[in-house]
Amino acid sequence: MFTILRVAWSLWILGFFVLALVAMSVADRTRPPAEPGSRGWRYAGVAMSVSAIVGLLWVVVFYVTANSTVHIPFYSDLGQWNILIGMGFIIAAFGFATKWE
């Protein structure tokens, strides 16, 4: 059963990346030309990177400390909400990515 889940998860991830590559290819061909002098937000790349790393670390720390005796005062009290918070940071990173030129 575990092997089937692992294969299904791997195929889902592979499908996601293939879909993302196709979407980026279509978006590049259909994007209108940029107006002269218009630029993206200057710190979008930094904000995107920091938000993605914070989200990833938030989820990883939750999974590592979930079944241990380590108690982080506010963090451990959130329980399963930690996954939602970490994913929120990751989704925000995608939002910042739309502003990056």
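Good morning. I begin with the contacts of the protein chain: among those between residues at least 6 apart in sequence, 67% join residues at least 24 apart. The model before you is a predicted one, and I shall go from the chain as a whole to its helices, then to single residues, and last to the largest pocket.

The protein chain contains four helices and zero strands. Read from the N terminus on, its elements follow the order α-α-α-α. Of its 101 residues, 14% count as buried. The chain exposes about 8500 Å², and 73% of that area is supplied by carbon and sulfur atoms.

Let us turn to helix H2, which covers residues 44-65. Does its end-to-end distance agree or disagree with what its number of residues leads one to expect? With 22 residues at 1.5 Å a residue, H2 should span 32 Å, and the C-alpha atoms at its ends are 31 Å apart, so the two values agree.

Which residues of H2 are buried? Towards the start of the numbering we find Ala44, Gly45, Ala47, Met48 and Ser51, and further along Gly55, Val59, Phe62 and Thr65. As a general point, an α-helix has 3.6 residues a turn, so residues three or four places apart point the same way. The buried residues of H2 pack against two other elements, helix H3 (73-77) and helix H4 (81-97).

Two residues of H2 illustrate this packing. Val59, in helix H2, has a relative accessibility of 14% and therefore counts as buried, the cut-off being under 20%. Beyond the residues up to four places away in sequence, Val59 touches Ile83, Gly86 and Met87. Val59 and Gly86 are 27 residues apart in sequence, yet their C-alpha atoms are 5.3 Å apart in space.

The second is Thr65, also a residue of helix H2. Its relative accessible area is 16%, so Thr65 is likewise buried. Which residues does Thr65 contact, once neighbours within four places in sequence are left aside? They are Val70, Ile72 and Tyr75.

I now cross to helix H4, where Ala93 is found. Is Ala93 buried or exposed? Its relative accessibility is 5%, and so Ala93 counts as buried. Leaving aside neighbours within four places in sequence, Ala93 is in contact with Met48, Ser51 and Ala52. For the pair Ala93 and Ser51, the separation is 42 residues in sequence and 5.2 Å in space, C-alpha to C-alpha.

Ile85 lies in helix H4 as well. With a relative accessible area of 30%, Ile85 is partly exposed, because that class lies between 20% and 50%. Outside its neighbours within four places in sequence, Ile85 is in contact with Trp58 and Leu78. The C-alpha atoms of Ile85 and Gly55 are 7.4 Å apart, with these positions 30 residues apart in sequence numbering.

Finally, the largest pocket. How much space lies in it? The computed value is about 340 Å³. It is lined by 13 residues, of which Ala52, Leu56, Met87, Ile90 and Phe94 are the closest to its centre. H2 and H4 each supply at least two residues of this lining. Seven residues come from H2, which is the largest share.

What is the make-up of the lining by class? Twelve of the residues are nonpolar, one is polar, and none is charged.

To draw these points together: H2 packs its buried residues against H3 and H4, and both H2 and H4 contribute to the lining of the largest pocket. Met87 takes part in both parts of this account, since this residue is touched by Val59 and is among those closest to the centre of the pocket. Ala52 does likewise, being in contact with Ala93 and also among the residues closest to the pocket centre. Thank you.

How values were computed. Residues are numbered from 1 along each chain as its sequence is written. This is a predicted model: local features need pLDDT of at least 70, side-chain atom pairs count only at pLDDT 80 or more; totals for chains, interfaces and linings use all residues. Side-chain values use heavy atoms; hydrogens and water are left out. The expected span of a helix is 1.5 Å times one less than its number of residues. Buried means under 20% relative accessible area, exposed over 50%, partly exposed in between (1.4 Å probe, protein chains only). Contact means heavy atoms within 4.5 Å. On a 1 Å grid over the protein atoms alone, a cavity is a set of points where a 1.4 Å probe fits but cannot get out, and a pocket is an open set with protein on both sides within 12 Å along at least five of seven lines; lining residues have an atom within 4 Å of a point. Grid points are joined across faces, edges and corners, and a volume is the space filled by probe spheres set on the points. Ala, Val, Leu, Ile, Met, Phe, Trp, Tyr, Cys and Pro count as nonpolar, Asp, Glu, Lys and Arg as charged, and the others, Gly among them, as polar. Accessible areas come from the Shrake-Rupley method with a 1.4 Å probe; for residues, only the protein chains shown count as cover.
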